[in-house]
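Reader: I'm new to this one and would like a close look at a single part of it. Could you pick a good place to start and then follow the thread outward from there?

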Amino acid sequence: MATDSQVFEPPKQGEGFPQIEERVLRRWKEIGVFEKSLERREGAERFVFYEGPPTANGRPGSHHVLSRVFKDIFPRYKTMQGYRVDRKAGWDCHGLPVELEIEKELGLSSKHEIENYGIAAFNQKCRESVLRYVEDWNALTERIGFWIDLDDPYRTMSNDYVESVWWSLKEIHNQGRLYEGHRVVPYCPRCGTALSSHEVALGYKDVEDPSVYVKLPVTGQPNTHLLIWTTTPWTLPGNVAVAVGPEVTYAKVEHGGETLILANDLIERVLGEDAKATSTLTGTELTALTYDGPVFELNDRPPAPSPIISGDFVTTGDGTGLVHIAPAFGEDDYQVAAAHGIFDPTQQDTLYNPVGLDGTYDDRVAGFEGRFVKDKDLTEELIADLDRRGLLLKAQTYEHSYPHCWRCSTPLIYYAKGSWYIKTTEIREQMLAGNDGISWYPPHIKHGRFGDWLENNVDWALSRERYWGTPLPVWINDEDPDEQVVIGSYAELEQLSGQKIEDPHRPYIDEVTFPAPSGSGTMRRVPEVIDAWYDSGSMPFAQWHYPFENKEIFDEKFPAQYICEALDQTRGWFYSLLAVSTLMFEKPSYETVLCLGLILDPEGQKMSKSRGNVVAPWDVIDEHGADAFRWYYFTSKEPWAGYRFSTETVGESVRKFLLTLWNTFGFLVLYANAGDEDGANARPVAERNDFDRWALSRLQSTVATVTDRLDDYDATAAGRSIDDFIDELSNWYVRGSRRRFWDADPDAIATLRDCLVTVAQLLAPFTPFVADEIYTKLAGPGGEASVHLTDFPKPDDDKRDQRLEQDMATARAAVELARAARAQAKVKIRQPLGEIVVVASGEEREAIGRFEELILGELNVKSVRYVTDADELAKFELRPNFKALGPRLGKNMPQAKEAIAALDGAKANENLKNGKPVRLNVAGEEILLTADDVQVVLAPLDGYQLEREGTHAVALDLTVTEQLKREGLAREVVHAVQNARKDSGLAVEDRITLKLGGDETLLAAAREHEDYVAGETLAVVADIGGADSDEGIVATVEGLELSIVVAKTV
RNA sequence: GGGCGAUUAGCUCAGUCGGUUAGAGCGCAUCUCUGAUAAGGAUGAGGUCCCAGGUUCGAAUCCUGGAUCGCCCA
């Protein structure tokens, strides 16, 4: 037995969870717990986690807390299991969002204005802004207990990082997979800039556009025309083909003395009711034909047959079912033309594009040279020209929503711009095979959203005509664009150029030139930077400046076992990681990926600043604490389903779980200290009572469940099983063992302490603060300095007793039934009753017998009587076991159900118990029912206060004798005295002298049970009747007056 | 327009292989317990399992179609 005045340090009065957590945080820092937890696993097997880098140019929100706590829990768990889990933080620094932010700040609105402002100054602003909120991020990261090394993060803008990215691009170039092609982008011809999809979304307007039906003569078939439809006649000079749907049925129609070909389904809509098909043909048949191109006179393209090709995107939703293809002016057009070999996407100049960057036709378009393509007059003239040449069927207008430049309101055009690509289509099969080996949570992403995306892979458009990004390391001879050098390191560039590379960013890198290796001309860098997704996808090696240094570290930490981000990363980081590592290392860089859902407000709306429904993480933390926040995210639902979230919802998880846990902890500390007992002298577990062994068995079952679920990355089920255990521990074990704690029973204290210490370890990855607080207070001198330095508990099967757990469940069920019966009869528990009658047999009866004392205490009943044959209380009824009988009986099942209900339950039960089958007649056939085929249940007989469940029932003898009545009154008196103690501000362990006065009935009951009253109220001296009727505290008990005088003894 | 997911009590969510009487917590009402608790217990009200078909002896569960919401893509 401990000799200190305090066995365990008690929780501080009035300290809330947020304060406790801050205290724990300080201790972690002092001791260096995170660092220690890593040192402990020096040389151990690695568990590799990759941090997907956030951009720190804004304050972190609640959705960031979600991903950060899920990034934390599994590395903590694996660390406790003995793995070494290094965690390196990272920051994503480049990219268009950063630039847009600075543009807004500086009031710039075009690339032209940025260049006037100066790229050097602009990029400097970007550089400063990306880490603007890094302190906020670090503070929040630390406060929510996300353990990651914030002191040595990787930054995608650092020279080392950029160099590693360059190295990888050169490798890809050496593989022949880096090429210059075109990319069809939404383009503003006035601003001379391409727009991101985000910008495009800003500028949709409803406009009227021309709707033109054009006839294209079929080669060698006089007077026969393909009928095409377009809303952008300016694209017709760029026409190189016509696409048809392979599954679409086409028709030849006589119309105005000509034969027109169009989709069968669209004849009426395009040509009117009178038009009739004369014959039909399939899209595939059409592809055997050609038509006379080009549509407009072109100075470099003499008339020649043009191909008809098939395209899956062709529908009969509008138009004619024949789609004019101008690969320079449409994404579909570009892809389908490339796929049919009409041009070679890897050969820049094979794409036919007669429109310049300023949006005007070049010299090739005869008669329209220099005209702006979106000019209204031009459109009229183009239509008139078609009409004059007999190619126009009709021209109308068409109202639709069309994107405009959000800056200058010019209608955007889709336009093929020069762009650098990575030929990811070549590694598509490898990526698919790699994906097959990745574990996805939730699983449907793997072959759903992500798998589909991989199946439809197109080459990665890598370059961006922007400023703040990793510069594309391609140098081109200004005299011969075919001479190109891709640079893979600073040393290489320094050697070629003789210049020192201080900063690889624009504009400095643009100044670095060198003489062409061929001997004539100067090598200059292309102007583009690369897609920021490529940066983050390179983090497995670039974070280590691989291959320039840290080769061993990289080898050890590739691939990652675990990554975790929100669902929107499927086409972002999840893809870029897979693509880059498949290119570089021919395998995926991650084995398990957890996708998290979105954070919604309680109405199911996405949280956004504009809606004003954002919940700031600090509000939640200040009010409820980080553990509550974490616990809510982990256990409230499956994390990929999205969270309907508010500060109040988090509060529920505190009340329900953390407070129960905390109160249980407080209870143990209170009585361990009061009794000066730390449990060290408890008997071995095997010798402790059933209740103790039950709690420890349930604990071990919980350890097993938690381990099993966390191994499957299922924090939800794992956490819920801990929740269930704490509920049982608090509301059943502690509640049922209170007297033993008052007496400081070493077994009880050791048991509860053991449960709480182990639970603290189980909880350490979930709620690291409260877990550590409880652990360090209870672990004692043999424990570690922190729960996070301990090994995760392993399930101990020797302490598990399935039978005991089952028996306890039966006993609990009996208590619940009896409580329900009391409530029904409106007899409160304070009133003792004589007898409980339990209908049970076999194992159930044994179970109840085993916990009889507990049950009697819980129910305040004197004795239990068992009834095996329940006839006097209830009757048996039979119910079919559908699962067994359904497949056997099929259509006769409903009849059998009736027949079974009509059987004599008691007799059938008797037979079944003796192994005799029960005969049943259904549809003229005799059926033999065995015990497996039916369920026997109890139905109450009239006139009994009975509660039942299955074959199990409890009845109460409600007779209250005079003696029981007086005993009940004595309990009422105790209750009143306890209240008086509380009112007088006495501590629970204070001894008192007690004087009672008032109504004689009450005093008589108290006298009869004087020992009980004195014992319960810790009265050393009891003077029953010694108080005047108006002395002390006057209480009303059962309508009678009782005066109570309590005084603390010295 | 396409793909994926979701829809169960007032709210937040479970619901296994299809098994006939769909559960929990919160909230509400009534009662109750208290020598740990911001607590606990009991009872009750509260359900067209989104809708319509289908498969089946039997559907919240499987299939088809539709509706609504969300995400991604166009």
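Author: Happy to. A term to begin with: a polar contact is a pair of N or O atoms within 3.5 Å of each other. Keep in mind, too, that this is a predicted model.

Let's start where the protein meets the RNA. There are 43 residues around RNA strand B, and the ones that come nearest are K637, W742, R830, R879 and F882. Of the strand's atoms that come within 4 Å of the protein, 53% belong to sugar and phosphate.

Zoom in on K637: one of its polar side-chain atoms sits 2.4 Å from a phosphate oxygen of RNA strand B. W742 reaches for another part of the backbone, with a polar side-chain atom 3.3 Å from a sugar or linking oxygen of RNA strand B. N731 does something along those lines, placing a polar side-chain atom 3.4 Å from a sugar or linking oxygen of RNA strand B. Several elements give two or more residues to this surface, among them α16 (449-455), α26 (715-736), α30 (802-825) and α36 (962-983). The biggest giver is α24, with 7 residues.

Now let's move away from the RNA and see how some of the protein is packed. Helix α23 (residues 626-635) is mostly covered, with 10 of its 10 residues buried. Its buried residues include F629, R630, W631, Y632, Y633 and F634.

Compare that with helix α17 (residues 490-497), where Y490, L493 and S497 are buried. These three sit on the same side of α17, because the arc they cover around the axis is only 65 degrees. The general idea is that an α-helix has 3.6 residues a turn, so residues three or four places apart point the same way. What do the buried residues of α17 pack against? Their partners are α8 (159-174), β19 (474-477) and β21 (514-515). Right after α17 comes G498, whose phi is positive, near 70 degrees.

One of those partners, β19, is home to V474. V474 has a relative accessible area of 0%, so it counts as buried. Setting aside neighbours within four places in sequence, V474 touches L178, W420, V485, V486, R524, R525 and V526. It also shows how the chain folds back: V474 and P527 are 53 residues apart in sequence, yet their C-alpha atoms are 9.1 Å apart.

Next, a sheet. Three strands make an open, parallel sheet in the order β16-β25-β24. At the edges are β16 (439-441) and β24 (560-566), each pairing on one side only. Neighbouring strands here are turned by 15 degrees against each other on average, ignoring direction. Strand β25 (residues 590-596) is joined to β16 by 3 bridges, and you can find Y441 standing opposite L594 of β25.

Last stop: S581, in helix α21 (residues 573-585). Is S581 buried or exposed? Its relative accessibility is 2%, so it counts as buried. The S581 side chain has a polar atom 3.5 Å from the backbone oxygen of L578, and one 3.1 Å from the backbone nitrogen of S589. S589 also turns up among the contacts of S581 beyond four places in sequence, along with F558, E586, K587 and P588.

How values were computed
Residues are numbered from 1 along each chain as its sequence is written. Chains are lettered from A and ligands numbered from 1 in the order in which they are written. This is a predicted model: local features need pLDDT of at least 70, side-chain atom pairs count only at pLDDT 80 or more; totals for chains, interfaces and linings use all residues. Side-chain values use heavy atoms; hydrogens and water are left out. Buried means under 20% relative accessible area, exposed over 50%, partly exposed in between (1.4 Å probe, protein chains only). Helices (H or I, at least four residues) and strands (E, at least two) are DSSP runs, numbered from the N terminus. The arc is that of the directions from the helix axis to the C-beta atoms. Contact means heavy atoms within 4.5 Å. Two strands pair if DSSP finds at least two bridges between them. Axes are lines fitted to C-alpha atoms, for helices over the stretch in contact, and angles run from 0 to 180 degrees between N-to-C directions. A residue is near a molecule or strand if one of its heavy atoms lies within 4 Å of it. A polar contact is a pair of N or O atoms within 3.5 Å; within protein, one must be able to donate a hydrogen and the other to accept it, and residues adjacent in sequence count only if both atoms are side-chain atoms.
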